[in-house]
Amino acid sequence: MAQGPLAGIRVVDLTSVVLGPYATQTLGDMGADVIKVEAPEGDVLRGIAPLRSPGMGAVFMNANRNKRSVALDLKQKAARAALLRLVAGADVFVHSMRPRAIARLGLAWEDLKAVNPRLVYCSAWGFGQGGPYEDKPAYDDVIQAMSGVADLAARQRADGEPRYAPTILADKTAGLTVTWAIAMALFHRERTGEGQEVEVPMFETLTSFVLLEHMAGAVFDPPGGPMGYDRVLAPHRRPYATADGHITVMPYTTKQWQRFFVAAGRPEMADDVRVTDAGARSRAIAELYGMIADAMPARPTAEWLATFEEADIPAMPVNRLEDLPEDPHLKATGFFQRLDHPTEGPLVTTAIPVRFKASPGAIRRGAPRLGAHTREVLAEAGLSSGEIDALLATGAGRQAEDAA
């Protein structure tokens with residue numbers, strides 16, 4: 001039976017909050033055995049409401065399925081020694097601590113390479129090494145502000161005020177980058193037998209992400225124009241109000257724009273140079289979007305959707321968050337799945353969006369209680385029952401009550 005493309009890969013995960021856990025959950029979904037190593041007090045995300053019982057918040061559970069939890073106080077010698085035993089048999093080590101913190105624990109790349117030279121070692125932190133910010137703390141809002149994301153909102157707003165995107169965009173985008181970076185390093189190891197150190201800095205990752213289109217005229221030297229991609233910054237690039245709701249409509253090609261204006265009762269625009277010439281259309285895009293906004297209130301959403309489907313113009317309704325569980329496409333593809341958690345009861349989770357035909361991933365277990373697998377995992381690493389008992393007795397480790 002297929003177990004996912006990463007079946008047989010063991011990941012030692014010292015990440016917390018969202019950046020790292022989102023990445024390692026993806027590795028777990030794809031079959032990796034992810035060992036989540038937490039401090040005795042647990043990942044801070046555990047306490048973020050809503051929650052049904054202490055330490056098992058909804059966001060935590062959405063970012064930590066397919067993992068086993070080991071609770072260790074890595075400031076204590078016995079716990080660090082136990083971790084090194086885990087690392088010796090692992091394929092991947094990933095952490096989200098700042099450089100000085102990971103070095104103080106004696107868990108930097110050079111330390112772990114001596115234990116396991118085939119290890120893929122990934123540092124997921126705020127800023128790349130070698131710059132003045134390298135040891136500064138970083139969370140999602142900080143990176144959204146620094147990378148230009150907040151400025152993009154300011155460029156669209158009449159008041160010019162910067163705003164954060166209303167999702168943890170920086171954490172999740174950097175988390176996806178951590179996932180593919182680790183996968184590529186594993187592929188390199190398959191070819192060469194070599195482990196290596198990988199760095200994924202949030203600031204550089206998000207700045208690259210933003211500037212793909214917003215570098216604009218600054219791509220050229222000397223600059224060929226200002227920074228900022230006009231099409232996505234146009235004030236009317238937004239869901240459009242109809243007679244009874246909102247719709248998203250996106251004519252893009254020349255033919256789509258021509259068909260839109262015919263459908264909207266303005267056939268004379270079909271031959272306008274602002275429509276027929278791609279360069280002129282780009283320069284006039286804010287004006288054209290304004291014409292869409294002016295046309296949409298004339299009809300109800302359902303009528304517009306039928307018109308645009310017949311004309312093959314990209315258009316869809318605007319879902320509220322509450323609409324998503326009832327979306328007909330998501331229901332047909334089984335996107336929302338029910339999970340019976342051993343301590344939290346019935347839960348709803350999202351399916352793995354990526355599908356492998358030959359080696360599909362799977363949701364094998366819900367998010368773990370803190371320390372639920374401490375004894376189990378340490379035994380697999382070769383520690384005797386006596387060694388594990390001694391570690392737990394000294395407070396260097398913790399075991400969940402329901403797993404005792």
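1. A good place to start is the residue just after α8: glycine 193 adopts a positive phi of about 80° there. Please keep in mind throughout that this is a predicted model.

2. The helix leading up to that glycine deserves a look too. α8 is built from 24 residues, and the distance from its first C-alpha to its last is 35 Å, close to the 34 Å expected at 1.5 Å a residue.

3. Now to the interior. The largest nonpolar core has 32 residues, and the members touching the most others are Val11, Ile143, Val178 and Ile182. At least two residues of this core come from each of α1 (19–29), β4 (92–95), β5 (120–125), α8 (169–192), β6 (196–201) and α9 (202–214). With seven residues, α8 is the element that contributes the most.

4. You may enjoy zooming in on isoleucine 143. Apart from neighbours within four places in sequence, its contacts are Gly126, Phe127, Ala138, Ala170, Met202, Phe203 and Leu206.

5. Do not miss the second core, which is separate and holds 31 residues, among them Val37, Leu74, Ala79 and Phe93. As general background, nonpolar side chains in soluble globular proteins tend to be buried together.

6. Finally, the surface. A nonpolar patch is formed there by Tyr133, Tyr139, Val142 and Met146, which together have about 370 Å² of accessible area. Of these, tyrosine 133 lies in the loop between β5 and α6 (140–147). Is tyrosine 133 buried, partly exposed or exposed? Its relative accessibility is 34%, so tyrosine 133 counts as partly exposed, since that class runs from 20% to 50%.

Technical notes:
Residues numbered from 1 in each chain as written. Predicted model: local features only at pLDDT ≥ 70, side-chain atom pairs only at ≥ 80, totals over all residues. Heavy atoms only, no water. Core = buried A, V, L, I, M, F, W, Y, C linked by side-chain atoms within 4.5 Å. Buried < 20%, exposed > 50% of the residue type's maximum accessible area, 1.4 Å probe, protein only. Helix = DSSP H or I, 4+ residues; strand = E, 2+ residues; numbered from the N terminus. Contact = heavy atoms within 4.5 Å. Patch = residues over 30% accessible without salt bridge, like charges linked within 9 Å, V, L, I, M, F, W, Y side chains within 5 Å. Areas by Shrake-Rupley, 256 points an atom, 1.4 Å probe, with all protein chains shown as cover. Salt bridge = Lys/Arg side-chain N within 4 Å of Asp/Glu carboxyl O. Expected span 1.5 Å × (residues − 1).
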